[in-house]
Amino acid sequence: MTHPFFGEGRKPRIFGHRGFVSPEREAAGIVENSREAIAAAFAAGAEIVESDCQLTSDGRVVLFHDATLTRVLGDTRRTATVSHAELAELMAPHGGLIALDETLTEFPEGKFNIDMKAAAVAEPGGAVIGALAPQRVLIGSFSDTYRLRAVAAATAAAGGRVIPATGAGQRAIVQVLAAVTTRSRALMDRAFAGIDAVQVPERQGPVRVVTRALVREAHARGVEVHVWTVNDPDKMRELVEFGVDGIITDRTDLAVSALWASP
């Protein structure tokens with residue numbers, strides 16, 4: 001059975017990757033994962049916003065992807081060494097910093113795919129999700145260890161009433177792909193157990209990751225397949241015809257036009 005997080009939402013699902021920053025707003029200095037980017041993704045029509053968590057030096061869970069500030073803000077410090085107030089000041093001209101608790105309260109109807117980027121943020125991030133909106137968040141991470149810690153913390157903070165949806169980490173994805181290749185029902189049942197979504201690139205180098213077999217076996221077990229990061233409308237349509245459930249994209253505007261526009 002598909003996790004209630006997905007509910008009766010529209011398909012194919014459109015995920016705003018780190019929010020949405022149009023080329024015009026990017027030229028004006030707005031950056032990914034900012035308050036403005038999150039708002040813009042929902043305004044453009046995204047059903048779900050994909051974002052990332054880091055922990056500041058004073059323990060605030062904020063939306064930020066990288067372990068350092070270099071790429072986004074031109075500051076060489078590590079994100080974990082900067083206070084919430086310092087980071088808010090740096091982000092102010094670039095769309096504004098937004099903390100995870102603010103995200104979940106300021107967008108009360110929005111759904112989120114939150115990626116835990118570091119060991120230190122997994123449990124506090126999960127606790128925020130569990131306390132405020134466990135039913136509206138899909139928890140993910142490159143690390144299955146971080147992911148499972150976050151899910152456990154969220155479930156505990158929710159008093160066990162809700163277990164958030166979760167997307168497979170790297171180890172779980174490798175197990176899924178290997179199991180699908182073997183065609184062993186027992187191996188596939190074990191590999192897909194405990195995950196609600198497989199989020200993968202279409203290809204990894206020359207190797208095709210998204211196959212009809214993967215989609216078929218995932219769907220047979222109530223697991224969705226989402227593909228990242230797809231910005232070409234023709235490729236979006238091709239993947240949807242292939243059977244994938246969701247597209248993670250930097251261009252929410254193009255995705256909405258390509259996939260949801262009336263014929």
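The following exchange goes through selected features of a predicted model.

Colleague: Which salt bridge does Lys11 make with a residue of strand 10?

Modeller: Lys11 lies in the segment before strand 1, and strand 10 covers residues 224-228, so a pairing between them ties together parts that are 213 residues apart in sequence. A salt bridge needs a side-chain nitrogen of Lys or Arg within 4 Å of a carboxyl oxygen of Asp or Glu. At 3.8 Å, N to O, the side chain of Lys11 forms one with Glu224.

Colleague: Is Glu224 buried or exposed?

Modeller: Its partner Lys11 is partly exposed, with 48% relative accessibility. The cut-off for buried is under 20%. Glu224 has a relative accessible area of 3%, so Glu224 counts as buried.

Colleague: Where do Arg13 and Glu47 lie, and how far apart are they in sequence?

Modeller: The side chains of Arg13 and Glu47 meet in a salt bridge of 3.4 Å, N to O. Arg13 belongs to strand 1, while Glu47 sits in the loop between helix 2 (35-44) and strand 2, so this pair ties together parts of the chain. Both residues are buried. Their separation in sequence is 34 residues.

Colleague: Which salt bridge lies within helix 11?

Modeller: Helix 11 runs over residues 233-242 and contains both Arg237 and Asp234, which are 3 residues apart, about one turn of the helix. Arg237 is partly exposed, at 33% relative accessible area. The N to O distance is 2.6 Å, and the bridge is Arg237 to Asp234.

Colleague: Which residues do salt bridges with shared partners join into one network?

Modeller: The count for the model comes to 25 salt bridges. Some of them share partners, and through these a single network forms. Its members are Lys11, Arg13, Glu47, Glu224 and Asp245.

Colleague: What is the nearest side chain of opposite charge to Glu50, and how far away is it?

Modeller: Glu50 is in strand 2 (residues 48-55). Glu50 is buried yet has no salt bridge. A salt bridge would require a distance within 4 Å. The nearest candidate is Arg18, at 4.9 Å.

Colleague: Which residues does Glu50 contact, leaving aside neighbours within four places in sequence?

Modeller: The contacts include the run Gly16, His17, Arg18 and Gly19. Arg18 itself is in the loop between strand 1 and helix 1. The other contacts of Glu50 are Asn33, Asn113 and Asp115.

Colleague: Where does Phe6 lie, and is it buried or exposed?

Modeller: Phe6 is placed in the segment before strand 1 (13-17). Beyond four places in sequence, Phe6 is in contact with Arg13, Glu47, Lys111, Leu138, Asp196, Ala197, Glu224 and His226. With 1% relative accessibility, Phe6 counts as buried.

Colleague: Is the peptide bond from Lys11 to Pro12 cis or trans?

Modeller: Pro12 lies in the segment before strand 1. Most peptide bonds are trans. Here omega is near -5 degrees, and the bond from Lys11 to Pro12 is cis.

Colleague: What are the phi values of Arg18 and Arg183?

Modeller: Most residues other than glycine have a negative phi. Arg18 is buried, at 15% relative accessible area. Arg183, in the loop between helix 8 (170-182) and helix 9 (185-192), is exposed, at 73%. Both are positive: near 60 degrees for Arg18 and about 65 degrees for Arg183.

Colleague: Is helix 6 roughly parallel or roughly antiparallel to helix 7?

Modeller: Two packed helices are described by the angle between their axes and the distance between the axes. Helix 6 (residues 119-132) and helix 7 (residues 144-157) pack at about 30 degrees, with their axes 7 Å apart. That angle makes the two helices roughly parallel.

Colleague: Which residues of helix 7 meet helix 6?

Modeller: The crossing of the two helices is right-handed. From helix 6 the meeting residues are Ala119, Ala122, Glu123, Gly126, Ala127, Ile129, Gly130 and Ala131. On the helix 7 side they are Tyr146, Arg149, Ala150, Ala153, Ala154 and Ala157.

Colleague: How far apart in space are Glu26 and Ala37, C-alpha to C-alpha?

Modeller: Glu26 is in helix 1 (residues 23-27) and counts as exposed, at 53% relative accessibility. In sequence, Glu26 and Ala37 are 11 residues apart. In space, C-alpha to C-alpha, the separation is 9.9 Å.

Methods:
Residues numbered from 1 in each chain as written. Predicted model: local features only at pLDDT ≥ 70, side-chain atom pairs only at ≥ 80, totals over all residues. Heavy atoms only, no water. Helix = DSSP H or I, 4+ residues; strand = E, 2+ residues; numbered from the N terminus. Buried < 20%, exposed > 50% of the residue type's maximum accessible area, 1.4 Å probe, protein only. Lys, Arg positive; Asp, Glu negative; His and termini not counted. Contact = heavy atoms within 4.5 Å. Axes fitted to C-alpha atoms, helices over the stretch in contact; angles between N-to-C directions. Parallel < 35°, antiparallel > 145°, perpendicular 65-115°, else oblique. Left-handed = near helix turned anticlockwise from the far one by under 90°.
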